[in-house]
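Please open the model in your viewer and keep the selection panel at hand. The stops below go from the confidence colouring to the sheets and helices, and each one begins with what to select.

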Amino acid sequence: MRRIIVALGTTATGLVLLFSWPTSWNRPVAAGGQAAALGGAGTSQGTTATGASSSGSGATAPVTATVDGAVAQTPYGNVQVRLTVTDGNVTAAKAIAYPDRGGTDVQISNYAIPILSQEAVQAQSAKIDMVSGATFTSRGYIQSLQDALDQANL
Amino acid sequence: MTRTAPDRRAWVEQIMGMPISVHVRGVGARDAATARAVESVFADLRAADAMFSTYREDSQIRRLQRGEIALDDCSTAVREVWLLCGTALERTDGAFDAWAAVPGSPGTFDPTGLVKTWAVTHAAGHLRALTGLGFALGAGGDILVQTGPDQTPWQIGIEDPRDISRVLATVPVADGGVATSGVAARGQHILDPRTGEPATEILSATVIGPSLLWADVFATAAVARGASAVDWVQGFHGTSGLLMLTDGTVHRWSNAP
């Protein structure tokens, strides 16, 4: 029981830190310079890509779009993540639904996990596709991040 | 500009009280046949949940636990899981005990610790039947992967149980399973069959091996076994993995087949 209480107490901190993961992944969007449009909050489906250049990242202006992840249900509340994608790279992530402050925007720092950012030299090979873990909260949370990243590939 | 990243798509559904995510990568990722295969995966998992859930009073497992039906009355699937639990009990020297998993109720059969990865392994058959595609099937932290024709492994991060913003390691897996068990997984405790009390000495055990089901069984058994698992895992031939003890010590291994 004490462990559960401790886990609840540290959940907020852990979740905030976790938002910084995508910035270290720098995973390119499969469709080159295409951007995805914003999905509605509370849905599990992003919307399809909307226009933008398909001719690569040459001299054209940066293409920026945001993508919402699915709402992930955790025992502590719903979690949803919004990614900002610029020219195919994830450049920012923030929570738009958050267990302890439901619905409040929480701006996330650009802190990057060292082990991941070191591997990000080759963006293609540095990505983490899935996360294995036993922590219930993070499972739902990570799913939201993965979903957001995958919707960036739609 | 040619596309460099392989085509990729993902689906996520909540089944068995956890997010199930399917990622496919390769030619045909957006085909209707692929989407149908993924839906079949989800349908199989929902069916397994109906059969095995201990939270559903009408499931076969609950009826078996209450003595309303006998094992012979159960479906082939339930009997298969029963036999697998018996094998797991032997292979883990008693550390994985489906008959000692319910607190205060020794002898009650509860295969929950094995059912998830058993169901995932079966359901993944729909994805294996797709040609030209690799897939990663994640079920609440346990992951089954297979590469496509490009042979590109899936990159799996191992979560730090003390700080979920960190990963303890990343590991490329081409074909096989990655399972992690911990003292607080799914809000349930893993019991030490020797004492009937919750195991507390290992925060997290990750096993990577060719079979997700057995990786899961051995990860759970390692947690149940406690600190002595550090030596015990040396006998897990053909696996790699890591243990994090309560004091933060991380033990890694990589064993030859």
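Two strands are taken to pair if DSSP finds at least two bridges between them. With that in mind, note before selecting anything that this is a predicted model, for which the predictor gives an ipTM of 0.87 and a pTM of 0.67 for the complex.

**Stop 1: colour both chains by confidence**

Begin with chain B, where the mean pLDDT is 88 and 94% of the residues reach 70 or more. Then turn to chain A, whose mean pLDDT is 46, with 14% of its residues reaching 70 or more. Among the elements of chain A, the lowest mean pLDDT, 24, belongs to helix H3 (residues 114–119), and the highest, 82, to strand E5 (residues 130–132). Select residues 1–58 of chain A, over which the pLDDT is below 50, although this stretch has 138 contacts in the model beyond near neighbours in sequence. Residues 100–126 of chain A also stay under 50, and there the model has 49 contacts beyond four places in sequence. Where pLDDT is low, the predicted coordinates should not be read in detail.

**Stop 2: chain B as a whole**

Show chain B as a cartoon, in which seven helices and ten strands can be found. Of its 257 residues, 47% count as buried. Among the contacts in chain B between residues at least 6 apart in sequence, 54% join residues at least 24 apart.

**Stop 3: the eight-stranded sheet**

Select E1, E2, E3, E4, E7, E8, E9 and E10 of chain B, which in that order make up an open sheet of eight strands with antiparallel pairing. At its edges are strand E1 (8–15) and strand E10 (250–254) of chain B, each of which pairs on one side only. Neighbouring strands in this sheet are turned against each other by 10° on average, with direction ignored.

**Stop 4: strand E3 of chain B and its partners**

Within the sheet, select strand E3 (residues 133–139) of chain B. How many of its seven residues are buried? Seven of the seven are, and the strand is mostly covered. In a regular strand the side chains alternate between the two faces of the sheet. Here both faces are covered, with B:Leu133, B:Phe135, B:Leu137 and B:Ala139 buried on one side and B:Gly134, B:Ala136 and B:Gly138 buried on the other.

Next add strand E2 (residues 18–26) of chain B, which pairs with E3(B) in the antiparallel sense over seven bridges; B:Gly26 can be found opposite B:Leu133 of E3(B). Then add strand E4 (residues 142–146) of chain B, which runs antiparallel to E3(B) and is joined to it by five bridges. B:Ala136 stands opposite B:Val145 in E4(B). The hairpin of E3(B) and E4(B) has two residues between the strands, and in it B:Gly140 takes a positive phi near 55°.

**Stop 5: from E4 to E7 of chain B**

Extend the selection to strand E7 (residues 175–182) of chain B, which pairs with E4(B) in the antiparallel sense over four bridges. The bridge partner of B:Val145 in E7(B) is B:Gly176.

**Stop 6: two helices on the sheet**

Now show helix H1 (residues 32–52) and helix H4 (residues 112–123) of chain B. H1(B) lies across E1, E2 and E3 of chain B and runs at about 20° to E1(B). H4(B) packs on the sheet as well, touching E3, E4 and E7 of chain B, and its direction makes about 20° with that of E4(B).

Two packed helices are described by the angle between their axes and the distance between the axes. The axes of H1(B) and H4(B) come within 9 Å and cross at roughly 145°, in a right-handed crossing. To see the contact, show the side chains of B:Val41, B:Asp44, B:Leu45, B:Ala48 and B:Phe52 in H1(B), which meet B:Val115, B:Ala119, B:His122 and B:Ala123 in H4(B). These residues divide into seven nonpolar, one polar and one charged.

**Stop 7: the sheet shared by both chains**

Finally, select E5(A), E5(B) and E6(B), three strands that form an open sheet in that order, with mixed pairing. E5 of chain A and strand E6 (167–173) of chain B each have a single partner strand, so one side of each is left without a neighbour in the sheet. The twist averages 30° from one strand to the next. Strand E5 (residues 154–159) of chain B runs antiparallel to E6(B), joined to it by six bridges, and B:Gly157 stands opposite B:Thr170 in E6(B).

Methods
Residues are numbered from 1 along each chain as its sequence is written. Chains are lettered from A and ligands numbered from 1 in the order in which they are written. This is a predicted model: local features need pLDDT of at least 70, side-chain atom pairs count only at pLDDT 80 or more; totals for chains, interfaces and linings use all residues. Axes are lines fitted to C-alpha atoms, for helices over the stretch in contact, and angles run from 0 to 180 degrees between N-to-C directions. A crossing is left-handed if the near helix is turned anticlockwise from the far one by less than a right angle, and right-handed if clockwise. Two residues are in contact if their C-beta atoms, placed from the backbone, lie within 7 Å. Ala, Val, Leu, Ile, Met, Phe, Trp, Tyr, Cys and Pro count as nonpolar, Asp, Glu, Lys and Arg as charged, and the others, Gly among them, as polar. A residue is buried if 20 or more other C-beta atoms lie within 10 Å of its own, exposed if 12 or fewer, and partly exposed in between; C-beta atoms are placed from the backbone. pLDDT is the predictor's confidence in each residue, from 0 to 100.
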